[in-house]
Amino acid sequence: APSSASAADAITLHIISHTEWMGPLSGGRANKAEQTQQQRSADKDLTTHNTRCSRLPMLRGCRPALGRVYTTSLLVLSSVYVFSLYSTLLALSRINNTHYMTTAFGKTPISPIVSIPNKKHFETKKYYNPNPNYESPLPANLLEDFRAFMSIPIVNRTLPPNTHGAFLHVGKAGGSTLCSVHENNCHSFVRKPCASRAKFVEGDLNETYFGALTTYIHTPDFHILTKTTTEKPTWLYPDYQFYVANLRDPFSKLVSIFTYLHPQNDFVGITSGEVVRACSNYFCCFPTLESFATLLGDDPLDFDYPHAPKAALDLSQTNCTDLARASMANKVEYCVKHLYWNTKTILEGIPGWKDDTNGSRPNSNTATRALSETNSSNHSRPLTQPFYFLAIRTEHMNEDFFKANQALGDPHPVFLKEAGYELARVQSVNRVSKNITNVGRSRLCQALLPEYQTYFEALSRAINLSPQDRQISLELSRRNCPDLEWLRRYEDFVQ
């Protein structure tokens, strides 16, 4: 009998088959007495089967009739149990993650609305904390200021430049990706709030301490940052309590800048006709990366370039060798803004960066004491007060972004993916490649020595990086510039 049929149906089928089989042997008719006897036997078997199943319904042969009932009941009970468990865990997670945060000073109660990304994301995204016992290196009063600022509804907060910190967008180092998760990623001359803030107000993007606590600063505004306090108009940048900068290995960044701006690669992302014309004139001297390195030669500081950085390029008044060397020495801004505003120029514009006596190093007792005396209501500080520095490396952007938010006291730090980042534009045309000979590589690295020195100084100051993080960056730079002797003997910054 088919497996889906009941035992009673199987017995009936057996009787019918037996009767049809007996028919031909008796000339087409079965003996009436035999048929009666077979019917009684079948009825007796059916009665016995029903009696057994009524007493023990789980016996083999009895379950098919009751299977659907048991399956339905089991599904209903399982659904109720799962829903109850989910509700309990959700309630506990809200209590544990919303009302308390762990800092260097213990488990501190905070406002329920502090730094909780919008509920849609908070209840559906997975938040990962690799070190639940992490203690921020920032002093308690600064963390309290940050939490108080974040407890204010977004639409009621003070707007840039009146924030606690600043985000320095270094060109061709992943800054555009970080901009996608920044609340006010527009220049100083754009009216605030920036259009980018709408996504955070409406709850389409997760809010982070990095994006909410910092003022965005990029190439059009770096000249404001580099001026002294007495030269700054009162409405421009104050001296911030902390700075965040995106950093990239100098050799990798230089190669990226060159191929990005080269007219043979179709100016991906460049829409200004003025920039296109300027770069077309500039790169007449440098058809390839190798030709640029060749013109740098072995003495990149030996050049004569009397023109202003923003002066229009006139090749009749200079030569390609002087132009290449002046570009690496921050004397040419025409076309190559990202070369002019390199890591060294930008970071040395931070008030106190070059002054080691003002307590600017994060581990300085003077720095901690001065910060503890800072009035949180006044973000503008004298130059004698310190600042804290955080770095987000291009090669490890996801992890460093998490660590930066964690160091700023974010109770729910997230990776870039959870923050809702957007990938920056990718160059698809590569007629001018990044290939270079060993000799050309050595010349580029030698010209980049001042940039490397500032790069590693920045990594050494970054409070969100560990010695292991710094060692990994050092090893990458040594692979990119194996002949640069300074990198081979530079170890102190790792510790």
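This briefing describes the architecture, packing, salt bridges, cavities and backbone geometry of one protein chain. The model is a predicted one. The protein has 495 residues, of which 46% count as buried, and its secondary structure consists of 22 helices and six strands. Among contacts with a separation of 6 or more, 73% are between residues 24 or more positions apart. The accessible surface comes to about 25700 Å², and carbon and sulfur atoms contribute 54% of that area.

**Packing around helices H12 and H13**

- Helix H12 spans residues 289-296, and its buried residues are Leu289, Ser291, Phe292, Ala293 and Leu296.
- These buried residues of H12 pack against four helices: H10 (250-261), H11 (273-282), H13 (320-328) and H19 (438-447).
- Directly after H12 comes glycine 297, which has a positive phi near 65 degrees.
- Helix H13 is largely enclosed by the rest of the structure, because seven of its nine residues are buried.
- The buried residues of H13 are Asp322, Leu323, Ala324, Arg325, Ala326, Ser327 and Met328.
- The packing partners of these H13 residues are H10, H11, H12, H14 (337-340) and H19.
- H10, H11 and H19 therefore appear as partners of the buried residues of H12 and also of those of H13.

**Salt bridges**

- The count of salt bridges in the model comes to eleven.
- Lysine 199 pairs with glutamate 422, and their closest N and O atoms are 3.4 Å apart.
- This pair links distant parts of the chain, with lysine 199 in helix H7 (residues 198-201) and glutamate 422 in the loop between helix H18 (416-419) and H19, 223 residues apart.
- Lysine 199 is partly exposed, with a relative accessible area of 39%, and glutamate 422 is also partly exposed, at 46%.
- Lysine 253 forms a salt bridge with glutamate 451, again with the closest N and O atoms 3.4 Å apart.
- The second pair likewise links distant parts of the chain: lysine 253 lies in helix H10 and glutamate 451 in helix H20 (residues 449-461), with their positions 198 residues apart.
- Lysine 253 and glutamate 451 are both buried.
- A further salt bridge joins glutamate 333 and lysine 337, whose closest N and O atoms are 3.4 Å apart.
- Within this pair, glutamate 333 counts as buried because its relative accessibility of 8% falls under the 20% cut-off, whereas lysine 337 counts as partly exposed at 40%.
- Arg393, Asp400, Lys403 and Asp469 are linked in a network of salt bridges.

**Cavities**

- The model contains four cavities of 30 Å³ or more.
- The largest cavity has a volume of about 80 Å³.
- This largest cavity is lined by 13 residues, and those closest to its centre are Arg157, Thr158, Glu183, Asn184 and Ala212.

**Nonpolar surface patch**

- Tyr81, Val82 and Leu85 form a nonpolar patch on the surface, and their accessible area together is about 330 Å².
- Leucine 85, one of the patch residues, belongs to helix H3 (residues 63-98).
- The relative accessible area of leucine 85 is 42%, so this residue counts as partly exposed.

**Backbone geometry**

- Proline 160 and proline 161 are joined by a cis peptide bond with omega of about 10 degrees.
- Proline 161 is placed in the loop between helix H5 (140-150) and strand E3 (165-168).
- A cis peptide bond also leads from lysine 192 to proline 193, with omega near 0 degrees.
- Proline 193 is in the loop between helix H6 (175-179) and H7.
- Lysine 172, a residue other than glycine, has a positive phi near 55 degrees.
- Lysine 172 is located in the loop between E3 and H6 and is partly exposed, at 23% relative accessibility.
- Asparagine 330 also has a positive phi, near 60 degrees, and is placed in the loop between H13 and H14.

Notes
Residues numbered from 1 in each chain as written. Predicted model: local features only at pLDDT ≥ 70, side-chain atom pairs only at ≥ 80, totals over all residues. Heavy atoms only, no water. Buried < 20%, exposed > 50% of the residue type's maximum accessible area, 1.4 Å probe, protein only. Helix = DSSP H or I, 4+ residues; strand = E, 2+ residues; numbered from the N terminus. Contact = heavy atoms within 4.5 Å. Patch = residues over 30% accessible without salt bridge, like charges linked within 9 Å, V, L, I, M, F, W, Y side chains within 5 Å. Areas by Shrake-Rupley, 256 points an atom, 1.4 Å probe, with all protein chains shown as cover. Salt bridge = Lys/Arg side-chain N within 4 Å of Asp/Glu carboxyl O. 1 Å grid on protein atoms, 1.4 Å probe; cavity = no way out; pocket = protein on both sides within 12 Å on 5 of 7 lines; lining within 4 Å. Points joined across faces, edges and corners; volume = space filled by probe spheres on them.
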